[in-house]
Amino acid sequence: MQKDQRLLDLAALLLKAAEPVSWREIQEQFPEDYGGRGEAAIRKFERDKAELLELGIPVRYAAGDEDLPAGYLIERDEFYLPDLRLPPEDLALLYLAGSAALASGTFPYARDLAHALNKLSFAARAPGASEAAGLAARQLSAPDDGEGMDAAARVEELSRAIAHVKRVHLVYLGAERRETTERDVDPYGLFQRGGAWFLAGWCHLRRAIRTFHLSRIVSLAVNASAPRTRDFVPRGDFSLAGFATRETWEYDVHAPVRCRIRLDPPVPAEVLASFGPRAKLLEDGGATVVEVEATNEEGLLRHVLALGDRAELLQPRPLREKARAVLAGIERRLA
């Protein structure tokens with residue numbers, strides 16, 4: 001029996017059982033795989049248990065008591081997701097969000113998502129849901145159209161490396177200098193921002209956590225040696241959510257610098273929100289002064305200049321002078 005089929009049959013056997021399944025019963029159900037009295041059958045079974053655990057299916061041994069016999073089981077509460085009992089309109093919104101992710105062409109595990117959307121279409125009874133699911137299936141079976149499919153494959157490959165804690169080797173095109181470098185990266189997580197995918201991880205070349213724009217990854221290779229062994233220990237103090245919500249001036253380029261920006265009234269709420277949740281807002285005679293801590297002054301400079309005449313850099317003085325020089329250069333070109 002093929003391993004994939006054996007794992008599925010083993011999980012089905014344990015899920016259907018009303019009580020723990022003994023080792024003898026398992027051997028009887030899988031005589032070609034676990035039969036015999038030798039240790040080889042036990043080692044094979046333990047490897048299969050480990051495989052199921054990696055797939056999110058925890059198999060555990062119950063010692064048994066007066067009510068239940070000893071044996072192996074899968075805790076259904078740990079395996080099955082709870083029934084969310086969403087109303088049809090919420091299911092329709094969830095279906096719409098999944099369809100948008102699928103249409104982007106870069107969502108990892110797109111085929112699994114398409115199957116999930118098919119199930120949601122029946123649950124939601126959403127108008128046009130079945131037709132949209134059919135369109136998604138046709139798109140998935142369409143020939144590779146180049147860049148979009150390459151991006152999807154890259155996201156999925158990195159997702160597997162993250163799940164199995166495997167190091168990746170990148171050939172990367174830098175944004176500022178436009179130079180190609182090679183580096184090993186311990187991948188911590190993927191996130192999407194502004195419609196683009198980013199990889200966050202420990203860069204062995206820079207000896208720091210770095211962010212990599214997937215469109216600038218020229219090539220990548222996952223470490224193929226010891227596929228069942230972790231290549232690194234993920235940092236306990238790393239938060240992907242916190243890292244993904246950083247503003248551009250919070251990227252680690254230099255030591256932290258306290259910056260102050262004055263915004264003339266009226267200040268739209270979206271402008272204030274553009275400085276992120278960690279900005280400190282102060283009132284100054286009708287105007288608003290924004291205080292941020294920047295570790296990438298270039299990113300903050302671009303943001304402030306994009307706000308036009310309503311924004312003025314107050315501190316630090318070197319960055320203020322640089323802003324003046326940039327504006328003077330623009331004025332000369334337009335003259």
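Is Tyr 34 buried or exposed, if you select it and judge by its relative accessibility? Tyr 34 counts as buried, at 0% relative accessibility, where buried means under 20% relative accessible area, exposed over 50% and partly exposed in between, with a 1.4 Å probe and protein chains only.

Before going on, keep in mind that this is a predicted model, in which local features need pLDDT of at least 70 and side-chain atom pairs count only at pLDDT 80 or more, while totals for chains, interfaces and linings use all residues. Residues are numbered from 1 along each chain as its sequence is written, and side-chain values use heavy atoms, with hydrogens and water left out.

**The aromatic rings**

Add Phe 30 to the selection, which is buried as well, with a relative accessible area of 5%. Rings of Phe, Tyr and Trp (its six-membered ring) pair if their centres lie within 6.5 Å, and planes under 30 degrees apart count as stacked, over 60 as edge-to-face and the rest as tilted. By this rule there are twelve aromatic pairs. One of them joins Phe 30 and Tyr 34, whose ring centres are 5.5 Å apart and whose planes stand at 55°, so the pair is tilted. Now extend the selection to Trp 23, Phe 45, Tyr 61 and Tyr 72, which together with Phe 30 and Tyr 34 form one aromatic cluster.

Move next to Phe 238 and Phe 243, where the ring centres are 5.5 Å apart and the planes are at 50°, so this pair is tilted. Phe 238 is buried at a relative accessible area of 18%, and Phe 243 is buried at 10%. Show Arg 246 too, because its charged end sits over the ring of Phe 243, 3.7 Å from the ring centre, a charge being counted in this way if NZ of Lys or CZ of Arg is within 6 Å of the ring centre and within 35 degrees of the ring normal.**The sheet**

Switch to a cartoon view and select strand E3 (residues 168-173) with strand E4 (residues 180-193), which pair in the antiparallel sense over six bridges; strands (E, at least two residues) are DSSP runs numbered from the N terminus, and two of them pair if DSSP finds at least two bridges between them. Val 168 has Val 185 as its bridge partner in E4, and His 169 stands opposite Asp 184 in E4. His 169 also stands opposite Ala 221 in E7, a strand of residues 217-222 that runs antiparallel to E3 and is joined to it by five bridges.

Finally, display the open sheet of five strands, in the order E6-E5-E4-E3-E7 with antiparallel pairing. Strand E6 (208-213) and E7 stand at the edges with a single partner strand each, so one side of each is left without a neighbour in the sheet.

Conventions: Helices (H or I, at least four residues) and strands (E, at least two) are DSSP runs, numbered from the N terminus.
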